[in-house]
Amino acid sequence: MSEPNNDFRDCAATATKDGKRLWVFARQSKGFYTHARRWLSFFQISFLIVAPFVKINGEPMLMFNIFERRVSFLGCCFWPQDLHLFALAMITGLVAIALLTMVWGRVFCGWACPQTIFLEMMFRRIEWFLEGDGPEQRKQAKLPMRGQRLLRRMTKLVLFFTLSFLLSNVFLGYVVGGDKLLALMVHSPAHDWPLFWTVFAFSGVFFCHFTFFREQLCAFLCPYARLQSVFIDKATVGVAYDEVRGEPRLRGAARKAAEADPAKPKGDCVDCGLCVQVCPAGIDIRNGFPQLECVNCTACMDACDGVMKSIGKPLALIGYKSREMIEERRGFHITPRVIFYSVAVVILGCVTLLLAITRCDTESTLLRMRGSTCIFRGDEALNVYEMRVLTKRGRDLMLTPAIKGLGRVECAPFPVKARQEAKSTLLIALPKAACSHDRGERINLKVTLTDADGRIVETVSTRFLGPEK
Ligand code: SF4
Ligand code: SF4
């Protein structure tokens with residue numbers, strides 16, 4: 001086999017050599033994968049829109065409230081105190097994405113990334129509807145911007161901005177929660193100008209991105225695209241052109257001549273260029289695998305399958321394949337690297353889950369009142385403390401503090417509202433005899449917090465300051 005020509009790796013597919021943008025006029029694709037992606041994206045978009053409004057245990061299903069420093073995931077609330085869980089979940093997610101990339105390349109980009117879903121399934125569809133298919137748009141682009149063309153362009157821009165504004169509101173729903181978003185929607189913008197302008201600014205960013213920047217994000221800004229070459233190897237399966245079967249590509253008279261002569265080599269590729277025309281990244285998949293710009297959207301697979309069907313050749317000249325499948329004609333297999341990462345994901349996932357399930361209902365601190373000193377009363381030494389209790393779950397608690405071991409606590413049961421912080425002052429008394437006669441001695445203590453059902457919800461550690469003599 002001849003050495004592949006890697007010249008295409010030296011320049012971006014969507015820019016000329018002097019850096020000018022080459023606009024992509026993607027043609028619509030039809031076929032099994034496009035159909036499957038359309039259905040999947042319907043559910044994904046519905047989920048993304050509905051998720052901030054769905055509640056589990058009284059909490060939004062998904063919320064990342066940076067203002068209140070609170071994350072809600074599947075009805076469980078996480079606070080800054082749960083940072084270790086968040087960090088572990090992030091690490092698990094990153095290792096899982098690395099594993100997915102090793103096995104299936106950029107399958108996430110094509111099938112699940114919101115950027116691809118919104119661009120290909122919403123914005124580009126509006127564009128196709130108003131301005132026609134890719135070749136028609138290319139033709140129109142050479143005409144002056146007036147009359148019907150201007151009207152269609154203006155309609156497109158208005159629809160794009162409206163959609164961007166809606167997306168920006170959905171995005172806000174993930175930050176402030178569905179309830180607050182609904183409340184903001186029914187009030188005038190004057191109710192909260194800063195928030196209104198934030199949503200407006202995000203709408204502008206989304207509008208500019210989906211109208212102008214588009215596939216450039218995947219190629220130049222997305223860190224995942226940049227990292228993929230680290231994870232992809234010869235066994236990684238992705239959208240790839242089978243050059244062993246497809247080359248030499250021949251078309252027109254050359255193909256006819258080759259078909260008339262059985263001794264002449266001819267591949268299955270008829271060089272129709274459809275795979276390039278449908279590509280939203282503007283690349284030629286036949287240049288090789290992997291390519292930085294390819295988001296694995298499968299449009300070229302459907303386009304080529306249509307051509308193969310029409311000329312009576314087997315499907316999947318472009319398909320989900322690895323370099324090994326193409327060059328060595330071997331089947332899919334699992335590499336030791338994949339096994340190692342799988343084990344890591346399972347271990348990290350189990351640890352994260354275990355820590356999340358066993359985490360305490362409350363997060364409390366018990367500190368001696370600032371500026372207070374130990375005093376004596378009868379046979380006891382006393383210190384005053386301030387207790388702060390944060391409840392992480394969706395139920396109100398009535399907590400009674402008690403000391404574990406020698407001593408007692410003077411404090412009435414105090415209420416803590418669900419997902420709020422409460423403060424209480426308490427007095428801890430130890431028998432005088434328990435304090436040695438060292439000046440300013442510190443004694444380690446454990447205080448339990450018991451709920452109304454008599455269940456110990458948390459045990460808090462603190463230090464008892466001995467008398468100053
Ligand atoms: S090369 Fe194929 S899979 Fe990759 S972005 Fe283009 S059309 Fe999508
Ligand atoms: S669509 Fe298939 S046959 Fe046509 S140029 Fe692409 S790879 Fe070749």
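**Close-up 1. Strands β15 and β16 side by side in a predicted model.**
We start with β15, residues 442-450, which pairs with β16 in the antiparallel sense over nine bridges. To find your bearings, look for Val447, which stands opposite Val460 in β16. Zoom out a little and the pair turns out to belong to an open sheet of four strands, ordered β13-β11-β15-β16, with antiparallel pairing. The edges are β13 (414-416) and β16 (456-465), each of which pairs on one side only. From one strand to the next, the twist averages 35 degrees.

**Close-up 2. Strand β14 with its partners β10 and β12.**
Here β14 covers residues 421-431, and 11 bridges join this strand to β10 (residues 380-391), the two running antiparallel. Glu421 in β14 is the bridge partner of Leu390. Strand β12, residues 408-410, also pairs with β14 in the antiparallel sense, this time over three bridges. For that pairing, pick out Glu410, whose bridge partner in β14 is Leu427.

**Close-up 3. The open sheet β3-β4-β5.**
Three strands make up this sheet, and the pairing is again antiparallel. Strands β3 (62-65) and β5 (76-78) sit at the edges, so to speak, each pairing on one side only. The twist averages 15 degrees from one strand to the next. Between β3 and β4 (residues 70-73) there are four bridges in the antiparallel sense. A handy marker is Asn65, which stands opposite Arg70 in β4.

**Close-up 4. The shell around ligand 1.**
Ligand 1 is surrounded by 14 residues. Cys279, Ile285, Cys294, Cys297 and Cys300 are the closest. What is the make-up of this shell by class? There are 12 nonpolar residues, two polar ones and no charged ones.

**Close-up 5. The shell around ligand 2.**
This ligand has 16 residues around it, and the ones that come nearest are Cys269, Cys272, Leu274, Cys275 and Cys304. Which helices each supply at least two residues of the shell? They are α13 (274-277) and α14 (299-310). The largest share, three residues, comes from α14. By class, the shell around ligand 2 splits into 11 nonpolar, two polar and three charged residues.

**Close-up 6. Helix α14 again, now against α1.**
Helix α1, residues 32-50, packs on α14 at an angle of about 145 degrees, and the axes are 7 Å apart. On the α1 side you'll find Phe32, Tyr33 and Thr34, which meet Ala299, Met301 and Asp302 in α14. That contact has four nonpolar residues, one polar and one charged.

**Close-up 7. Helices α6 and α7 packed together.**
The axes of α6 (residues 147-176) and α7 (residues 178-186) are 7 Å apart, and the angle is about 130 degrees. That angle makes α6 oblique to α7. From α6, the contact draws on Asn169, Leu172, Gly173 and Val176, while Gly178, Lys180 and Leu181 come in from α7. Sorted by class, the contact comprises three nonpolar, three polar and one charged residues.

**Close-up 8. Some backbone oddments worth clicking on: two prolines and an aspartate.**
A cis peptide bond joins Glu247 and Pro248, with omega about -5 degrees. Pro248 lies in the loop between α11 (243-246) and α12 (252-260). Phe289 and Pro290 are also joined by a cis peptide bond, here with omega about 0 degrees. Pro290 has its place in the loop between α13 and α14. Then there's Asp271, in the loop between α12 and α13. Phi of Asp271 is near 55 degrees, a positive value in a residue other than glycine.

**Close-up 9. Where domain 1 touches domain 2.**
The domain assignment gives domain 1 as 21-84 + 111-223 and domain 2 as 362-465. Taken over C-alpha atoms, their centres are separated by 50 Å. How many residues of each domain are in contact with the other? Six residues of domain 1 are in contact with six of domain 2. On the domain 1 side, the touching residues are two nonpolar, three polar and one charged.

Conventions: Residues are numbered from 1 along each chain as its sequence is written. Chains are lettered from A and ligands numbered from 1 in the order in which they are written. This is a predicted model: local features need pLDDT of at least 70, side-chain atom pairs count only at pLDDT 80 or more; totals for chains, interfaces and linings use all residues. Two strands pair if DSSP finds at least two bridges between them. Axes are lines fitted to C-alpha atoms, for helices over the stretch in contact, and angles run from 0 to 180 degrees between N-to-C directions. A residue is near a molecule or strand if its C-beta atom, placed from the backbone, lies within 6 Å of it. Ala, Val, Leu, Ile, Met, Phe, Trp, Tyr, Cys and Pro count as nonpolar, Asp, Glu, Lys and Arg as charged, and the others, Gly among them, as polar. Domain bounds come from an automatic or database domain assignment. Two residues are in contact if their C-beta atoms, placed from the backbone, lie within 7 Å. Angles under 35 degrees count as roughly parallel, over 145 as roughly antiparallel, 65 to 115 as roughly perpendicular and the rest as oblique.
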